[in-house]
Amino acid sequence: MTRAQYRSSDVDLMARMMRAEAEGEGPQGMLYVGNVIVNRLVANCLDFKGLRTVPQVIYQVQGGNYSFEAVQKGNVFYQRARGIERRLAKQTLDYWRDHPAKHALWYFNPHAPCPPTWYGQPHTGQFKEHCFYEPKPGTCDSVYRG
């Protein structure tokens with residue numbers, strides 16, 4: 001059983017986002033970004049209520065801006081996905097989860113040490129330049145399933 005329902009066009013879109021957000025962090029970093037995308041897709045809580053498709057997650061607007069910086073800045077995001085990114089995207093949609101992004105709904109690159117919380121959510125770990133944050137206990141139980 002897959003973690004989320006998806007179409008082949010979703011794999012391509014997600015692959016482009018993973019590359020744009022974490023290409024410099026290699027395949028492992030891209031997997032972590034993909035993990036956050038899938039977590040947002042299945043969470044249905046907090047800022048991610050009602051998101052039911054990969055495009056809804058990728059193009060979500062919060063506070064007047066896209067949730068993912070790469071959509072706005074776009075240079076890599078709007079390039080074609082390569083085979084490696086497609087395989088990594090499919091892997092995260094099908095089954096892949098790992099710490100520190102296993103239950104994370106947020107990540108960012110602070111260009112400094114990771115703060116212990118981000119918008120009140122606890123830090124779960126860091127991979128290279130990205131800091132990962134999962135929801136406070138009791139606020140989004142659905143992200144811990146599956």
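Here are some worked exercises on the predicted model above.

Some ground rules: residues are numbered from 1 along each chain as its sequence is written, and side-chain values use heavy atoms, with hydrogens and water left out. Since this is a predicted model, local features need pLDDT of at least 70, side-chain atom pairs count only at pLDDT 80 or more, and totals for chains, interfaces and linings use all residues.

**Exercise 1. Find where the confidence is lowest and where it is highest.**

Step 1: pLDDT is the predictor's confidence in each residue, from 0 to 100. The protein averages 95 on that scale, and 99% of the residues score at least 70.

Step 2: now go by element, where helices (H or I, at least four residues) and strands (E, at least two) are DSSP runs, numbered from the N terminus. Helix H4 (residues 69–73) sits at the bottom with a mean of 90, while S6 is at the top with 98.

Step 3: keep the usual caution in mind: where pLDDT is low, the predicted coordinates should not be read in detail.

**Exercise 2. Check the span of helix H5 (residues 83–94) and find what its buried residues pack against.**

Step 1: the expected span of a helix is 1.5 Å times one less than its number of residues. With 12 residues, H5 should span 16 Å, and its end C-alpha atoms are 16 Å apart, so the two agree.

Step 2: pick out the buried residues (under 20% relative accessible area; exposed is over 50%, partly exposed in between, with a 1.4 Å probe and protein chains only). In H5 these are Glu-85, Leu-88, Ala-89, Thr-92, Leu-93 and Asp-94.

Step 3: those residues pack against helix H1 (8–22), helix H2 (26–43) and helix H3 (54–58), where contact means heavy atoms within 4.5 Å.

**Exercise 3. Work out how many of the 15 residues of H1 are buried.**

Step 1: for the span, H1 reaches 21 Å from its first C-alpha to its last, close to the 21 Å expected.

Step 2: the count of buried residues is 11 of the 15, so H1 is largely enclosed by the rest of the structure. Among them are Asp-10, Arg-16, Arg-19 and Glu-21, along with Leu-13 and Met-17.

Step 3: the partners of the buried H1 residues are H2, H3, H4, H5, S3 and S6.

**Exercise 4. Place strand S6 (residues 130–133) among its pairing partners.**

Step 1: two strands pair if DSSP finds at least two bridges between them. S6 has an antiparallel pairing with strand S3 (residues 106–108) over 3 bridges, and another with strand S5 (residues 121–127) over 4 bridges.

Step 2: for the register, Trp-106 is bridged to Tyr-133, and Gln-126 to Cys-131.

Step 3: S5 and S6 make a hairpin with 2 residues between them, and Lys-128 in the turn has a positive phi of about 50°.

Step 4: both faces of S6 are covered, with His-130 and Phe-132 buried on one side and Cys-131 and Tyr-133 buried on the other.

**Exercise 5. Classify the ring pairs that involve Trp-118 and Phe-108 or Tyr-133.**

Step 1: rings of Phe, Tyr and Trp (its six-membered ring) pair if their centres lie within 6.5 Å; planes under 30 degrees apart count as stacked, over 60 as edge-to-face and the rest as tilted. The count comes to 13 aromatic pairs.

Step 2: Phe-108 and Trp-118 have ring centres 4.3 Å apart and planes at 10°, so they are stacked. This pair links distant parts of the chain, with Phe-108 in strand S3 and Trp-118 in strand S4 (residues 117–118), 10 residues apart.

Step 3: Trp-118 is partly exposed at 22% relative accessible area. Its ring centre is 5.9 Å from that of Tyr-133, with the planes at 40°, so the Trp-118 and Tyr-133 pair is tilted.

Step 4: as for burial, Phe-108 is buried at 19%, and Tyr-133 is buried at 0%.

**Exercise 6. Describe the surroundings of Asn-35.**

Step 1: Asn-35 is found in helix H2 and is buried, with a relative accessible area of 0%.

Step 2: leaving aside neighbours within four places in sequence, Asn-35 is in contact with Arg-3, Thr-92, Trp-96, Arg-97, Asp-98, Ala-101 and Lys-102.
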